[in-house]
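Good morning, everyone, and thank you for making time for this. I would like to walk through one structure with you, step by step, and I will pause on a few points where a reason can be given.

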Amino acid sequence: MNRIELVKTAFDLDNPDRFSYLSDDFQWTDELGSPPMDRRTWLAMGDLMESAFSDLSLVIEDIREDGDGVVVRTHFAGTFSNDMDLSPLGLGVIPATGKPVDFPSGTDLVCFDDGKISEMHNRDTGPDAGMAGFLKALGANGS
């Protein structure tokens, strides 16, 4: 499987084996300087998303090779149907709105080690990026 196919398979929310494509030392980072997420934290965040959005989808808008990595632009879409408990992040419980949400996940540089995804670095900045943009999309900040 080439790197683009590997990313598409790992980003397929219907694939129960998608997390097997992450290396044990996987790290997610972003351009905003948010605390990095290791594999365990990344998986937990995915579980939170899938429980809050029963019809969650991840749409790949663009994907291309870039040197030794892959650059992928995506967005999440779904109905915010269940409360989202972000207490572990100090943000409390965000009550479900029942409304459709379209959150631009952004542009990530995906790096590989030994045939697995070892790092994802989100390149986005601005008011709709990161946790602030995510909370805004949820309607959790009065928007």
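I will begin with the first helix, then turn to the core, the strands and the salt bridges.

Please keep in mind throughout that this is a predicted model.

Let us look at helix 1, which covers residues 3-10 and in which Ile4, Leu6, Val7 and Ala10 are buried. These four cover an arc of only 160° around the axis, which means that they sit on the same side of helix 1. As general background, an α-helix has 3.6 residues a turn, so residues three or four places apart point the same way. The buried residues of helix 1 pack against strand 3, strand 4, strand 7 and strand 8. At the N-terminal end of this helix, asparagine 2 acts as a cap, with a side-chain oxygen 3.0 Å from the backbone nitrogen of isoleucine 4.

Now to the interior, where the largest nonpolar core has 19 residues, and Val7, Phe11 and Val70 are among those with the most contacts inside it. Which element gives the largest share of this core? That is helix 1, which supplies 4 residues. If we follow valine 7 and leave aside residues up to four places away in sequence, we find that valine 7 touches Ile63, Val70, Val72, Val110, Phe112 and Ile117. Apart from this core lies another one, of 13 residues, including Met84 and Leu135.

Turning to the strands, strand 4 and strand 7 pair in the antiparallel sense over 9 bridges, and alanine 77 stands opposite aspartate 102 of strand 7. Strand 7 is also joined to strand 8, again antiparallel, by 6 bridges, and here phenylalanine 112 has isoleucine 117 in strand 8 as its bridge partner. The hairpin of these two strands has 2 residues between them, and in it aspartate 114 takes a positive phi near 55°.

Finally, the count of salt bridges comes to 5. In one of them, the side chains of glutamate 65 and arginine 3 meet at 2.4 Å, N to O. Because glutamate 65 lies in strand 3 and arginine 3 in helix 1, this pair ties together parts that are 62 residues apart in sequence. Are these two residues buried or exposed? Glutamate 65 is partly exposed, at 42% relative accessibility, and arginine 3 is partly exposed too, at 25%. A further salt bridge, at 3.0 Å, joins arginine 73 and glutamate 61, which belong to strand 4 and strand 3 respectively.

Definitions and conventions: Residues numbered from 1 in each chain as written. Predicted model: local features only at pLDDT ≥ 70, side-chain atom pairs only at ≥ 80, totals over all residues. Heavy atoms only, no water. Buried < 20%, exposed > 50% of the residue type's maximum accessible area, 1.4 Å probe, protein only. Arc of directions from axis to C-beta. Contact = heavy atoms within 4.5 Å. Polar contact = N/O pair within 3.5 Å; in protein donor to acceptor, adjacent residues only side chain to side chain. Core = buried A, V, L, I, M, F, W, Y, C linked by side-chain atoms within 4.5 Å. Pairing = 2+ DSSP bridges. Salt bridge = Lys/Arg side-chain N within 4 Å of Asp/Glu carboxyl O.
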